[in-house]
Structures are given as structure tokens and as C-alpha cells.
Amino acid sequence: MPEPAGTNVSIAINDRPAFPVPTGQSLLAALKAHTIFVPSACGGRGVCGLCRVKVLAGAGPCTPREEALLSEADRLAGMHLACQVTVERDLRISIPNDFFSAREYKAEVIALRDLTPDIREITLQLRSPPVMDFKAGQYIQLRIPPYEQLRRTIYRAYSMASPPSARDRLELEVRQVLNGAGTTYLFKHLPLNTHVVFNGPYGEFYLRESNRAITLIAGGSGMAPMKAMLCAMQERKIRRNVRYFFGARARRDLFLMDEMQALEQSLPDFRFIPALSKPLPEDQWTGETGLITEVLDRHLEDQYPGEAYLCGSPAMIQACVKVLQKKGVAKDRIFYDTFA
Ligand SMILES: Cc1cc2nc3c(=O)[nH]c(=O)nc-3n(C[C@H](O)[C@H](O)[C@H](O)COP(=O)(O)OP(=O)(O)OC[C@H]3O[C@@H](n4cnc5c(N)ncnc54)[C@H](O)[C@@H]3O)c2cc1C
Ligand code: FES
């Protein structure tokens, strides 16, 4: 029997002591109130599928949203979406230990730079705590406060574009989404010197330690984690073979070209391969053209022995994974973050 709303039940996590929480709230909110930050890019709407936790005891059956986002194997293993579980009775859950190191940070916006007509670089100076440790490729969740038509606080995920060596200053690259709740705020209501709040770091999307060749594939603001990884490789003097395929529509959508050229000079075996899907006549483009999948198909050898890291829209990732598999890249050598 569920306890009435407002009474206290307990949550036990991994092998840690249980703590009391009031009933009636989501598991995601209950954990956040105890400064345990579970990734949640959609802010608890049951859309992103990031807030997965294993519930060993105390959850009801999966909701339709959970059924849509969790595989049958996951559901049988007890996986749930923390935002869809209502705390009604004592709960016992299991989460990756990484979640305990995610914290809340306060930062100041110290620079804003338009990189393309719809991509903006936002530089954050950490104020409290003053530094954050993370892996290149990981992301944070930025708090978007209520404004105009947005009535409630939401969180949106953004990947660090700066390397982990810059522990006190983070660069984000944000693409404006038409009528997007978070990006409208970031483009129209975030002047310089604004103080922001975020939590993190999160994510399993980071460079694996090996000597294998690396293929990076991104489009738009998917550049962010790739730039962080490349800068980290440069700093750590990593000598692996790296090919970076970057898809854009026209020349005006390309950015950080000078930075990529500088990395080509400083990394021992790196090539940046930008490709335009709809070059304009005035672009006078002589580089690669076509969809990024076509370019990848042309360049990547059969039985490619390397690893692949992808970042971008769900459609782009799905299409590129197909090409990679056709080229013989096993699933366990393909890593991606879907920006959705
Ligand atoms: C792990 C992770 C890392 C991310 N890192 C970055 C990053 O570094 N830079 C970045 O710009 N974004 C990144 N995103 C995406 C980001 O979190 C937001 O989803 C995005 O900024 C849109 O938020 P919004 O509130 O403006 O749009 P919403 O209000 O959430 O959406 C508005 C409408 O636009 C659609 N929509 C949402 N996102 C997109 C999209 N990307 N393209 C087209 N349509 C969309 C929605 O379906 C909806 O109909 C990341 C997402 C994840 C999960
Ligand atoms: S927070 Fe996005 S599905 Fe739960």
C-alpha cells in the first residue's frame, strides 16, 4: 500500500545509509533535494530517457513513457526513469557512483560570441565552487529560469567545448532551436555578467583509452564535445590517427575553422574534413559536398579498425551508425551523444 502524500518514507541507494523523503514527489525531485543530481535533459518530462536508475524495490509498474524509452531487457532488469517514479513507499535503488560526484555550480557569463547565424559560444566563469573536474565529451545541465511564457524552471543539457584543463572556465556552443524554451532564453535573455546555475558533469561520451584510430562525426553544435576532445588530445600529446567529419549546410554554417586548422598543425595525425550539403554559389566551395553519411562512406575504409564518436541530431546519428556498421565497426566501438 502506498503511504499517504506528505508522509516520510526512505530511499536507500547502493550500499549507503537510507535517508527520509516525503511521499508524493518524483524520485528525480527527491534525489535532487538530497543533492544527488541524476541526468535529466528534458527536465522531468519523460522524453530524454537520461534519468535511468535501477529500482530494486518500491517502484510500481512502468508507465507508458517508460515503456517507450526503456527496452524490454532494461525493464526486466528493473530500470526506471527517475522522473516517472512517484515516491510512495520505501525505495531501494542502484545508480552509477559517478552521479554522486555531480554537483550544483554557480557561474557568471563572461563572454558571448556568435559563431554562425544560429550557433553561439557562451563562456562561463565558475564562481562557486570555483572549479569543476570533468572528462572531455561530458555535459552539464543548465538551469533556465522562468521568463516570458516559460512559467517554470527547466534544465537543458550542454556539452563542454573547452578541455578539462580549463577547470574554472567552461565554453558551451549552443544552437538556437526555433521556439525552443531553453535556447530562446540563452539567445534572447542572457546578457553578459548574468549569473547562472548548472549541475554536472554527466555522461559516458568521452574518449576511450586505446591506441585505435578515431573517427569523429558531428554536425552543428555537435562540434562542442569534439573540440573538447581534440584540445585534450593536443594537451596530452596523444598521437592517435584522427579523422573528423563535420557536416554543415553552407559555408556560413561552418565555424572554428581556424582552430581546426591549428589542431591539424599541432596534432601529429589529425585531419578535419568539413562537408557542405547545400553549398551556395557564392561559397565557391571546393571541399567535400553531400550528406555527412555520403562523405563518411566515401572516406572510411572497409573493416575500419578504429573507434567512432558521434554527436548531433538523432537522425544524423542513426544514419551514420548504419554506415559505420556497414564498414565493419562493431557496436562496442561506437559512442554517441544524441542532442535531442
Ligand atoms: C547529452 C546532451 C548534450 C547536449 N549538448 C548540446 C550542446 O552542446 N549544444 C546544443 O546546442 N544542444 C545540446 N543538446 C541539446 C539541448 O539539451 C536542448 O535539447 C536544445 O538546446 C533544445 O532545447 P530547447 O529548450 O531550446 O528546445 P525545446 O523547447 O526542448 O524544444 C522545442 C522544439 O524543438 C524540437 N527540438 C529540440 N531540440 C532540437 C534540436 N536539437 N534540433 C531540432 N529540433 C529540436 C523539439 O522536439 C520541440 O518540438 C544536448 C542534449 C543532450 C541530451
Ligand atoms: S528527465 Fe528526461 S526522461 Fe526523465
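This is a short talk on a ligand site, a pocket and three backbone features in one structure.

Before the details, please keep in mind that this is a predicted model.

I will begin with ligand 1. Which residues come nearest to ligand 1? There are 22 residues around the ligand, and those that come nearest are Arg156, Ala157, Tyr158, Gly182 and Thr183.

Three of these names come back when we look at polar atoms. Arg156 uses its side chain: a polar atom there lies 2.6 Å from an oxygen atom of ligand 1. Ala157 uses its backbone instead, with a polar atom 2.7 Å from an oxygen atom of the ligand. Gly182 also offers a polar backbone atom, and the distance to an oxygen atom of ligand 1 is 2.6 Å. As for how covered the ligand is, ligand 1 taken alone exposes 910 Å², and the protein buries 74% of that.

Now the elements behind this shell. Two or more residues each come from strand E9 (154-159), strand E10 (169-175), helix H5 (181-188) and strand E17 (334-338). Strand E9 gives the most, with 4 residues. If you sort the shell by class, you get 11 nonpolar, 6 polar and 5 charged residues.

Next, the second largest pocket. A word on how such a space is found: rolling a probe the size of a water molecule over the atoms shows where empty space is left. The volume of this pocket is about 300 Å³. It is lined by 18 residues, and closest to its centre are Leu28, Lys32, Gly43, Gly44 and Tyr155.

Which elements supply at least two residues of this lining? They are helix H1 (27-33), E9 and strand E11 (195-202). Helix H1 gives the most, with 3 residues. You have met E9 already, as the strand that gives the most to the shell around ligand 1. The classes in the pocket lining are 9 nonpolar, 7 polar and 2 charged.

Why does the second largest pocket lie between domain 1 and domain 2? Because domain 1 (8-99) and domain 2 (102-202) both give residues to its lining.

Last, the backbone. As background, most residues other than glycine have a negative phi, and most peptide bonds are trans. Here are three places to check against that.

The peptide bond from Ser128 to Pro129 is cis, with omega near -10 degrees. Pro129 sits in the loop between strand E7 (119-128) and strand E8 (139-144).

The bond from Gly200 to Pro201 is cis as well, and its omega is near -5 degrees. Pro201 is in strand E11, one of the elements that supply the pocket lining.

Finally, Asn193 is a residue other than glycine with a positive phi, near 70 degrees. You will find Asn193 in the loop between H5 and E11. H5 is among the elements that give residues to the ligand shell.

That is the end of the talk.

Note on methods
Residues are numbered from 1 along each chain as its sequence is written. Chains are lettered from A and ligands numbered from 1 in the order in which they are written. This is a predicted model: local features need pLDDT of at least 70, side-chain atom pairs count only at pLDDT 80 or more; totals for chains, interfaces and linings use all residues. Side-chain values use heavy atoms; hydrogens and water are left out. A residue is near a molecule or strand if one of its heavy atoms lies within 4 Å of it. A polar contact is a pair of N or O atoms within 3.5 Å; within protein, one must be able to donate a hydrogen and the other to accept it, and residues adjacent in sequence count only if both atoms are side-chain atoms. Accessible areas come from the Shrake-Rupley method with a 1.4 Å probe; for residues, only the protein chains shown count as cover. Ala, Val, Leu, Ile, Met, Phe, Trp, Tyr, Cys and Pro count as nonpolar, Asp, Glu, Lys and Arg as charged, and the others, Gly among them, as polar. On a 1 Å grid over the protein atoms alone, a cavity is a set of points where a 1.4 Å probe fits but cannot get out, and a pocket is an open set with protein on both sides within 12 Å along at least five of seven lines; lining residues have an atom within 4 Å of a point. Grid points are joined across faces, edges and corners, and a volume is the space filled by probe spheres set on the points. Domain bounds come from an automatic or database domain assignment.
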